[in-house]
Structure formats: C-alpha cells, structure tokens
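I am keeping these entries as a record of what I looked up, one topic at a time. Rings come before the other topics.

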Amino acid sequence: MAATDEIRREWFEKDYYAVLGVPKNATQPEIKKAYRKLAQQHHPDANAGDPRAEERFKEVSAAYDVIGDEEKRKAYDRAREMGAAGFGGGSPNGGPGGGFGGYPGGVRFDTADVDLEDLLGGMFGGASSRRRTRPSRGADLETEVTLSFDDAIAGVTLPVTLTGPAPCTTCHGSGAAPGTQPIVCPTCSGSGQVAVNQGLFSMAQTCPQCRGTGRLIETPCPTCHGSGATRRKRTIQVKVPAGVKDGARIKLAGKGESGASGGQPGDLFVRVHVRSHELFGRRGNDLTIDVPVTFPEAALGAHVQVPTLSETVTLRVPAGTPSGKTFRVRGKGAPTKGGGHGDLLATVVVEVPRKLSKEQKKLVEQLGEATESSPRAGLGVS
C-alpha cells in the first residue's frame, strides 16, 4: 500500500482538512492554495515572539505534508475511514471514549504499539512483505578473472571457483526429494497468508502451516533437508569470447546463489581484466603499435616489416613521412562480434640516434648546410 511507512498515530486523531480549512473533497490545487495562505499568515518571521503563531505554523505544515501529497493523502483518508468504522478516534490507549470510533465494546487499540503497515495491509487487501517468505530469486554473484592480452584476443574457456550457497545438486533447488514435487499449501491455497477474524474487521496473517511460502514439501530432499540449497565449493567453466575488452562483464544466467523457498537462482557476473601487451595497445576493436624508423627511411621512404598478432606485414612508408604519422592496416585488429576484425594502427616514430660516428656526423653537418629553409619559419623566427 502506498505511503504506509508515513502513517503515524496522529492520523487517527487529527483532521488535517480542518487544520487547513478545506473540505475533504478539495482538489490538490485548493489544498496548496489554502496552505500557502495560512503559512504566510502564521510564519514565524511575520510573528516574531509569538509562540502561538509558531505552533500554528507547525500544525499547518504538518497537515500539508500529508494531504498535500497525493499518495500520503490516500493512505491518510483510508486510516481516517478505518477510524470512523470503529478503529480510532477515542483515547490512543483505549481509555474513555470507548473503543475505536467510540463504538461500545470496540476493540482496545494502541496505535503507538501497532505496526500500521501490517494493519492497513490486511484491512485493504494487501499483505506485509516482511511477514511473507514467498519463493524469491537468489542473489547475484560477481567475481573477477585476469587474462593475458593474447587470450583476450583469441578467446578462452577458464574455470572459476566459488564457495557459498548453491542450488542443491540432488533436488536441483526444489527442496523436494527426487521423484517428488512441492505441493500447494491447502490451508492458504498458495497465497502464504490466512485471514483472521477480529470481529469488526479481519486481518491477514502468515499461514501457520507453510510459514508464508505457499507450498509444502511432503518429502524433503535428503541432501538439503528441504531448503533447496547447500553450501559448497563449485567450479564453473566461463567462456570468454574472442576480442573481449578490459573491464567487460560476462553474465552467466542461473549461476548465482540459489533462490529461497524454491525460487530461481541468481546470476553470476564475471568481470574481465586484461593484462597489457609489450607491443600492442588497444583502441576499441583496433590494435595500436609504434613502428620505429630511421631518419633516412622517413625522409627517403621505405618498406618496413611490422608484426601483427598472426603474421608479419610490410608497411610502405612514403618519402617525407613525419614522426607520429599513423597508417591503417585493414583487418589486423581485434575480433568483433559480427565475425570480422578491427584494424591495426601503426604509428611511425622517427628515431634520432644518440651517438654518431665521425663519418655520420660529417654527413649530417653537410645535410644541415644544404638545408635552405628553417622548420621554424612559421613561428616568425629563424
């Protein structure tokens, strides 16, 4: 039932419509308008030192907090209707004033000691979720695996070991002995609750026979004793698809914890971590690699050998290629879901020698003397 967690004892005792001076059938805009007028009239800033105005302002605010909210208002109205029918209106401790609503012989009812969520749930056809142990889905589990770069690209099947509650291997989670099945509880017809007559009203309570599960196990499983689960170590084979990326999350349906009272098991999620490669990087489905070349190769052009994951390919470096230039080698990247492959992105890095022989130094000096333009001309300097 909506907003039952907000129900308080004063809901039975205070008429919030009267507090705001509006009829019970007032629209939400009318309630809001009345609240604003009263709040402005009794606001402490406008009535400094007047304790009665401050108290009135708090009362108005409390009323609007309830009936100014549509969901809370519905719950409040139901609570008031219940009180008028014989559940409230008298002393909160069932003293003078009769039972609820002043009915002679009414039920003594202390709202301070009663879970109104359970009470109103039973009154209006609901049921307290805390009292029901219906079959529920098992918890999801998560674990992690770490792969080499090559295994992530190629795909691999590897074992993952888990220790904890798991579906019973004898009854497969049903809780019933092999060859038998749980039956519907004849007392509650599978609802998990029964109605208890309290005179003026009836309340829903947990079925005493099935304890809220809605089913009975006549012949419990000898392994799990009817629980449907056992705590054990289990090894699950996880198939990691080719081309999996670092941080990917693989779902294994039904491999989590077993469900309670015969509920479905949860799922297992495997987080994948991929180690870095000494040569290759990755950008989506593309692989990356730095290809060192000499200055003469970059300046004059060359054909250089470049490794891929499966073979060596020849890369044509045109004359005048600058350092940092990237070339795309089609189909030499990581596998894709569609069955294809990404590309290999080869970036040329011009290597500058740290030491030169006398002959090399002389040749470089001659090249420098023969160079007519400065590469810094665009900066406005020579």
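How many aromatic pairs does the structure hold? I count three aromatic pairs. The model is predicted, so every value below is computed from predicted coordinates.

**Entry: Tyr 17 and Tyr 76**

I looked up the pair of Tyr 17 and Tyr 76, which is tilted, with 6.1 Å centre to centre and 50° between the planes. Tyr 17 belongs to helix H2 (residues 16-20) and Tyr 76 to helix H5 (residues 70-87), so this pair ties together parts that are 59 residues apart in sequence. I then checked burial: Tyr 17 is buried at a relative accessible area of 5%, and Tyr 76 is buried at 0%. Tyr 16 also enters the picture, since Tyr 16, Tyr 17 and Tyr 76 form one aromatic cluster.

**Entry: Tyr 35 and Tyr 64**

My next lookup was the pair of Tyr 35 and Tyr 64, which is stacked, at 4.1 Å centre to centre and 5° between the planes. Tyr 35 sits in helix H3 (residues 28-42) and Tyr 64 in helix H4 (residues 51-67), 29 residues apart, and the pair links these distant parts of the chain. Is each ring residue buried or partly exposed? Tyr 35 has a relative accessible area of 19% and counts as buried, because the cut-off is under 20%. Tyr 64, with 22%, is partly exposed.

**Entry: helix H4**

Having met H4 through Tyr 64, I looked at the helix itself. H4 has 17 residues and spans 25 Å from its first C-alpha to its last, close to the expected 24 Å. Which residues of H4 are buried? I find Ala 53, Phe 57, Val 60, Ala 63, Val 66 and Ile 67 buried in H4. At the N-terminal end of H4, Asp 50 acts as a cap, with a side-chain oxygen 3.1 Å from the backbone nitrogen of Arg 52.

**Entry: charges over rings**

I searched for charged side chains over ring faces. Arg 249 lies over the face of Phe 269, with 4.0 Å to the ring centre. Lys 325 lies over the face of Phe 327, at 6.0 Å from the ring centre.

**Entry: Asp 267**

Where is Asp 267 found? I located Asp 267 in the loop between strand S8 (249-252) and strand S9 (268-274). Asp 267 is buried, with a relative accessible area of 10%. The side chain of Asp 267 makes a polar contact of 2.9 Å with the side chain of Arg 137. Leaving aside neighbours within four places in sequence, I list the contacts of Asp 267 as Arg 137, Ala 139, Asp 140, Leu 141, Lys 251, Leu 252, Ala 253, Gly 254, Lys 255 and Gly 256.

**Entry: Pro 165**

Pro 165 is part of strand S2 (residues 156-167) and is partly exposed at 31% relative accessibility. I noted that the C-alpha atoms of Pro 165 and Ala 229 are separated by 6.1 Å, although these residues are 64 residues apart along the chain. Not counting residues up to four places away in sequence, Pro 165 touches Thr 230, Arg 231, Arg 234, Glu 257 and Ser 258.

**Entry: positive phi**

Most residues other than glycine have a negative phi. I therefore wrote down two residues with a positive value, by the general rule that negative phi prevails outside glycine. His 172 has a positive phi of about 60° and is not a glycine. His 172 lies in the loop between S2 and strand S3 (183-184), and is exposed at 67%. Ser 189 has a positive phi near 60°. Ser 189 lies in the loop between S3 and strand S4 (193-197), and is exposed at 62%.

**Entry: cysteines**

How many disulfides does the count come to? The count comes to zero disulfides. Cys 188 is in no disulfide; the nearest cysteine sulfur belongs to Cys 210 and is 3.6 Å away. Why does that distance not qualify? A disulfide needs sulfur atoms within 2.5 Å, so 3.6 Å falls outside the cut-off. Cys 210 is likewise in no disulfide, with the sulfur of Cys 188 as its nearest cysteine sulfur. Cys 188 is buried at a relative accessible area of 7%, and Cys 210 is buried at 6%.

Terms used: Residues numbered from 1 in each chain as written. Predicted model: local features only at pLDDT ≥ 70, side-chain atom pairs only at ≥ 80, totals over all residues. Heavy atoms only, no water. Phe/Tyr/Trp six-rings, centres within 6.5 Å; stacked < 30°, edge-to-face > 60°. Helix = DSSP H or I, 4+ residues; strand = E, 2+ residues; numbered from the N terminus. Buried < 20%, exposed > 50% of the residue type's maximum accessible area, 1.4 Å probe, protein only. Lys NZ or Arg CZ within 6 Å of the ring centre and 35° of its normal. Expected span 1.5 Å × (residues − 1). Polar contact = N/O pair within 3.5 Å; in protein donor to acceptor, adjacent residues only side chain to side chain. Contact = heavy atoms within 4.5 Å.
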